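Let's take a walk through the inside of this protein, from its aromatic rings to its empty spaces. Have the model open beside you as you read.

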Amino acid sequence: MFSSFFETARNSPFRTPLTMARCDAAAPVVDPQPVEGRQIAAAATPVAQQQQDSCEFGSSKYFALCGIGGILSCGTTHTFVVPLDLVKCRLQVDQAKYKNLVHGFKVTVAEEGARGLAKGWFPTLLGYSAQGLCKFGLYEVFKVKYADIIGEENAYLYRTSLYLAASASAEFFADIALAPFEAAKVKIQTIPGFANNFREAVPKMLKEEGVNAFYKGLVPLWMRQIPYTMMKFACFERTVELLYKYVVPKPRADCTKGEQLIVTFAAGYIAGVFCAVVSHPADVVVSKLNQAKGASAISVAKSLGFSGMWNGLTPRIIMIGTLTALQWFIYDGVKVALGIPRPPPPEMPASLKAKQH
């Protein structure tokens with residue numbers, strides 16, 4: 001599939017505005033001279049990439065722009081799938097009423113109309129934008145800082161552990177930002193008549209349970225999101241590496257940015273499927289916990305039992321797979337649009353190569 005796609009892209013007459021025209025063979029060959037204000041070099045070359053970068057890799061501006069990419073990738077995608085998320089949450093907390101995904105949609109529309117499927121969109125947008133800022137921005141920070149601490153050789157040899165540690169650290173803080181909005185969203189979506197929107201939900205939650213209402217789900221949220229994010233980043237990074245090594249028929253540097261984004265989307269979807277399975281039991285506990293007053297994560301888990309903690313897995317795989325693929329696609333697209341440095345997949349340092357010979 002990839003080889004035919006790349007061949008078509010390579011032969012397309014519209015593939016790049018930088019294609020060089022060949023004139024009569026007898027005509028003298030003149031070295032092209034730069035035109036002021038125009039980029040002549042091919043986009044895939046390292047020199048051109050450096051000239052296009054809007055900031056230095058590892059700088060404060062770099063981390064800030066990555067955070068903006070995280071806001072756009074997480075906030076938009078989670079808001080886009082609110083109807084699926086709403087039905088998924090209702091499946092998790094009331095299996096008797098909402099028997100399956102299709103039935104859940106039918107019941108919701110019958111009772112609340114099509115507008116009912118959008119319940120909780122505003123806290124979703126706010127919460128996951130804040131989470132995306134911390135998740136992607138801090139991941140880049142921790143990845144660079146941890147690599148500096150352990151050194152270039154160890155950063156390559158133990159890169160999977162590096163990805164896991166950096167993503168877990170980032171998600172710890174991201175969930176603190178997300179928790180209040182997630183709690184409000186679940187109450188709006190799963191408790192009939194509780195509140196129609198975020199503005200109504202917040203004072204009601206404060207009156208009934210105090211500030212604890214917004215953070216009582218933080219620990220199970222960590223249990224859900226930290227394994228999810230560790231899988232999301234580590235699996236994505238290694239999948240990208242493997243795709244370029246074994247599937248894509250040419251080096252990343254020779255791929256156009258469009259082709260690179262296709263690889264990003266494919267790797268993101270693969271990572272998303274694993275993410276959904278790993279984090280699903282904790283996701284069910286979070287939904288049930290925010291629905292029930294005075295409950296604890298342990299009591300909810302006991303009442304659900306092992307099989308109950310897998311309710312709603314199919315819609316979540318569809319949702320998370322799509323979400324994760326779109327998030328990586330948007331995040332990488334934002335990097336391209338803003339000229340943020342995009343290092344290629346890791347290669348063995350020269351010092352390690354020398355030791356092997």
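Trp-328 and Tyr-331 are 3 residues apart in helix H14, which means about one helical turn separates them. Helices here are DSSP runs (H or I, at least four residues), numbered from the N terminus. Before going further, two notes on what you're looking at. This is a predicted model, where local features need pLDDT of at least 70 and side-chain atom pairs count only at pLDDT 80 or more, while totals for chains, interfaces and linings use all residues. Residues are numbered from 1 along each chain as its sequence is written, and side-chain values use heavy atoms, with hydrogens and water left out.

**Aromatic rings**

The count of aromatic pairs comes to 18. Rings of Phe, Tyr and Trp (its six-membered ring) pair if their centres lie within 6.5 Å; planes under 30 degrees apart are stacked, those over 60 edge-to-face, and the rest tilted. Two of the pairs share Trp-328:

| Pair | Centre to centre | Between the planes | Type |
|---|---|---|---|
| Phe-236 and Trp-328 | 3.7 Å | 5 degrees | stacked |
| Trp-328 and Tyr-331 | 5.9 Å | 75 degrees | edge-to-face |

The stacked pair ties together distant parts of the chain, with Phe-236 in helix H11 and Trp-328 in helix H14, 92 residues apart. Are these rings buried or exposed? Phe-236 is buried, at 8% relative accessible area; Trp-328 is buried too, at 4%, and so is Tyr-331, at 2%. Buried means under 20% relative accessible area, exposed over 50%, and partly exposed in between (1.4 Å probe, protein chains only). Phe-136, Tyr-139 and Phe-233 join Phe-236, Trp-328 and Tyr-331 in one aromatic cluster.

Phe-194 has charged company: the charged end of Lys-187 sits over its ring, 5.5 Å from the centre, and that of Lys-204 does likewise at 4.9 Å. To qualify, NZ of Lys or CZ of Arg has to be within 6 Å of the ring centre and within 35 degrees of the ring normal.

**The nonpolar core**

Some of those rings turn up again in the largest nonpolar core, which has 28 residues; Tyr-62, Phe-136, Tyr-139, Phe-236, Tyr-244 and Trp-328 have the most contacts inside it. A core like this is a set of buried Ala, Val, Leu, Ile, Met, Phe, Trp, Tyr and Cys residues joined through side-chain atoms within 4.5 Å. Helix H3 (60-80), H6, H8, H11, H12 and H14 each give two or more residues to this core, and H11 gives the most, with 7.

**Empty space**

The largest cavity holds about 170 Å³. Among its 19 lining residues, His-78, Tyr-128, Arg-224, Met-319 and Ile-320 are closest to the centre. On a 1 Å grid over the protein atoms alone, a cavity is where a 1.4 Å probe fits but cannot get out, while a pocket is an open set with protein on both sides within 12 Å along at least five of seven lines; lining residues have an atom within 4 Å of a point.

The largest pocket has a volume of about 900 Å³. Its lining has 33 residues, and Lys-143, Tyr-163, Pro-343, Pro-344 and Pro-346 lie nearest its centre. Volumes are the space filled by probe spheres set on the grid points, which are joined across faces, edges and corners.
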